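Colleague: I am new to this model and would like a close look at a single part. Please take the second helix of the chains and go through what it touches.

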There are 2 protein chains.
Amino acid sequence: MVTIYDVAEAAGVAPSTVSRTFARPGRVNADTAERIRRIAEELGYRANPIGQALATSQTKLLGLMVSDVANPFYSQLIRGAQLAATEAGYELLLADSRESGTRERTALERLVPVVEGFIIGSSRMSDSALRNVAKQRPMVVLNRALSDVPSVVTDNAAGIQAAIDLLRDLGHDSVTYVAGPEASWADGMRFRALRDLGGRAGLNIQKVGPYLPTFEGGLSASRTLLEKLPTAVIGYNDLMAIGVMHGFLREGVQIPEQVSVIGFDDILISRLVLPTLTTVAAPMRQMGATAVNNVVALMKGAKHRTGEASVMPVQLKVRGSTGQRRRKRVSPALGTTMVSGSAS
Amino acid sequence: MVTIYDVAEAAGVAPSTVSRTFARPGRVNADTAERIRRIAEELGYRANPIGQALATSQTKLLGLMVSDVANPFYSQLIRGAQLAATEAGYELLLADSRESGTRERTALERLVPVVEGFIIGSSRMSDSALRNVAKQRPMVVLNRALSDVPSVVTDNAAGIQAAIDLLRDLGHDSVTYVAGPEASWADGMRFRALRDLGGRAGLNIQKVGPYLPTFEGGLSASRTLLEKLPTAVIGYNDLMAIGVMHGFLREGVQIPEQVSVIGFDDILISRLVLPTLTTVAAPMRQMGATAVNNVVALMKGAKHRTGEASVMPVQLKVRGSTGQRRRKRVSPALGTTMVSGSAS
DNA sequence: CGGCGACGTCGTAGATGGTGACCATGCGGG
DNA sequence: CCCGCATGGTCACCATCTACGACGTCGCCG
């Protein structure tokens with residue numbers, strides 16, 4: 001490893017001068033700077049980020065904690081965060097809690113001293129633990145509202161409302177929610193919104209779960225659901241909704257003829273399965289970017305206004321998994337009907 | 001931040017003693033160590049990884065470069081690498097080249113000084129550039145054989161052979177390969193294996209591409225393919241194969257009745273689309289773990305034997321996207337037939 | 001019983017690579 | 001003549017590790 005000392009010696013200047021030519025150009029004579037730069041180039045000098053980190057306590061590293069890297073839900077989010085981070089001159093340190101609050105905690109403990117700030121996507125930790133971590137470093141949480149801690153969330157209520165409107169228009173009068181992880185804030189939000197808004201709309205709301213927020217989780221849920229055979233199901237996320245669909249199809253239950261299914265997130269697969277999945281889409285990419293930009297702003301000293309969260313708009317993508325209610329009695333209060341959506 | 005100096009002062013010992021109690025237990029009296037540990041605990045002391053890194057040049061960080069985080073192909077690989085890394089006491093620094101050799105290079109430049117070793121999945125850089133990087137740090141490449149540089153690859157030839165056998169058994173006499181990125185080593189391997197082994201088996205081999213190794217890439221490819229209407233298609237990876245299938249289905253081409261489609265990797269989606277995708281499965285998780293274990297071994301001083309690569313076995317998963325050839329003339333040389341596989 | 005060496009324990013000091021506050025020098029202008 | 005500025009050197013500091021050496025104790029051997 002060639003250091004500033006090597007360059008300094010070769011150039012006949014003091015180490016600090018070499019440091020300055022890179023760390024604060026302009027602070028050193030243009031000619032000398034040029035010469036030093038050339039010699040550094042010849043010697044193949046690269047500033048050692050660790051030395052810099054120790055001296056300036058800037059690692060140029062941002063942490064991103066996800067609950068499951070393999071979950072396609074995070075694909076675009078990570079991508080968006082990546083882009084924004086690179087843009088801001090930061091590298092992303094990715095950690096995976098694998099749906100466990102404990103693992104999340106230990107991973108965090110290793111991350112925190114190394115990164116300048118971080119983002120926690122779908123935390124499985126308690127509010128207080130989270131608040132505690134936030135005291136140590138600038139941080140932004142995703143899919144969770146937490147006073148005192150800046151957050152980026154999707155408009156769950158709006159998504160649920162759109163889903164309710166669609167289902168009512170299709171003649172449904174009851175909906176079963178397939179719950180994801182109990183520790184997930186978004187899960188609670190979605191179910192409560194469904195219960196409240198759905199109740200207000202005269203819908204009968206049921207709930208099964210919790211299940212793992214994966215395809216397998218949805219598959220398990222379908223076994224329970226097969227006994228009740230609801231006419232409409234809303235899943236915590238797309239992967240689960242798809243698991244439910246597969247469980248139904250495997251048993252000969254027709255979708256959307258017998259059961260309508262709606263998911264959350266609009267991951268790529270939702271457009272690839274058959275029937276294609278109706279889902280509440282969130283701008284994941286922007287979400288990741290917004291989160292990164294918010295931490296960076298925080299690191300630059302921006303103050304977080306308590307209770308304020310970035311709310312990302314959602315959009316209901318009506319596809320092939322939802323359709324007119326056909327089974328059993330016809331709902332007395334029938335809304336305006338619409339064609340069984342199979343468009344994208 | 002509480003440092004060893006704070007602990008040392010509180011315990012009435014020299015800083016070096018505190019350092020030793022944590023860095024090399026046993027080198028300090030058991031009682032003193034106990035006392036220091038207790039005081040450190042009380043003060044909430046955590047060793048600063050950056051100071052440690054500077055002094056020992058051990059960052060406990062491993063780099064993992066992928067060509068696209070959003071590609072589900074990497075999901076299980078990343079997961080496997082994660083687990084193995086944690087197991088070995090390392091953290092994973094994930095970088096994304098977004099299918100660009102240039103981005104890969106610059107990202108690498110930022111990673112290299114920080115990590116102790118790294119893994120490059122599906123590199124888009126040249127062999128020489130790669131060899132150059134390998135000189136700086138222990139590294140393992142994935143899906144690429146490179147003398148002098150340890151690598152972990154899947155048995156592409158065996159996978160292709162299995163695909164060929166299946167297609168011949170189903171009565172096919174020509175196969176079109178849908179190529180992925182030109183810079184992908186695996187792509188070249190797969191096509192060459194298909195050309196050579198396929199030729200030997202009396203198959204007529206065509207090729208279209210290159211296309212992006214994504215769903216969209218496969219969709220584009222399908223537009224070209226629709227003109228030729230081959231009876232059998234092998235895609236560079238599952239995502240492309242699924243893209244091709246969708247392109248075909250959208251135009252009313254039936255799968256597998258009119259065209260058989262085979263992919264590579266066996267990503268989750270392959271089991272979820274309809275028809276389910278026949279594909280060459282690789283043990284991605286083990287691959288990630290093996291790669292990590294290999295770098296770690298390398299870092300510990302293990303010597304790499306030139307030309308030697310870890311070859312992961314593959315397995316052909318026959319599903320619903322392949323079937324008996326029906327269109328046009330019947331092949332003169334008909335192998336042993338087998339039922340149109342719709343099993344898992 | 002005295003002396004010497006080995007060993008266990010811990011402190012001192014320097015090293016890691018880079019930064020930045022402070023200071024010294026020299027020059028030009030008012 | 002003095003002031004200010006541009007420039008570059010000196011040195012302390014960031015948090016931790018470690019080679020070396022000091023010191024005391026113990027045991028062994030003469």
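Modeller: What follows goes through helix α2, its neighbours in the chain and the DNA strands beside it.

This is a predicted model, in which local features need pLDDT of at least 70, side-chain atom pairs count only at pLDDT 80 or more, and totals for chains, interfaces and linings use all residues. Residues are numbered from 1 along each chain as its sequence is written, while chains are lettered from A and ligands numbered from 1 in the order in which they are written.

Helices (H or I, at least four residues) and strands (E, at least two) are DSSP runs, numbered from the N terminus. In chain A, the buried residues of α2(A) are Val18(A), Ser19(A) and Thr21(A); buried means that 20 or more other C-beta atoms, placed from the backbone, lie within 10 Å of the residue's own. These residues lie on the same side of α2(A), because they cover an arc of only 160 degrees around the axis; the arc is that of the directions from the helix axis to the C-beta atoms. They pack against α1 (4-11) and α3 (30-43) of chain A.

In chain B, the axes of α2(B) and α3(B) (residues 30-43) come within 10 Å and cross at roughly 95 degrees. Axes are lines fitted to C-alpha atoms, for helices over the stretch in contact, and angles run from 0 to 180 degrees between N-to-C directions. The crossing makes α2(B) roughly perpendicular to α3(B), a term for angles of 65 to 115 degrees. Thr17(B), Val18(B) and Thr21(B) of α2(B) meet Thr32(B), Ala33(B), Ile36(B) and Arg37(B) of α3(B); residues are in contact if their C-beta atoms, placed from the backbone, lie within 7 Å. By class, this contact has three nonpolar, three polar and one charged residues. Ala, Val, Leu, Ile, Met, Phe, Trp, Tyr, Cys and Pro count as nonpolar, Asp, Glu, Lys and Arg as charged, and the others, Gly among them, as polar.

Now the DNA. A residue is near a strand if its C-beta atom, placed from the backbone, lies within 6 Å of it. DNA strand C is surrounded by 25 residues, the closest being Ser16(A), Ser19(A), Asn48(A), Gly51(A) and Ala14(B). At least two residues of that surface come from each of α2 (15-23) and α4 (49-56) in chain A and α2 (15-23) and α4 (49-56) in chain B. Around DNA strand D there are 26 residues, with Ser16(B) among the closest, and α2(B) gives the most to that surface, with six residues.

How values were computed. Angles under 35 degrees count as roughly parallel, over 145 as roughly antiparallel, 65 to 115 as roughly perpendicular and the rest as oblique. Two residues are in contact if their C-beta atoms, placed from the backbone, lie within 7 Å. A residue is buried if 20 or more other C-beta atoms lie within 10 Å of its own, exposed if 12 or fewer, and partly exposed in between; C-beta atoms are placed from the backbone.
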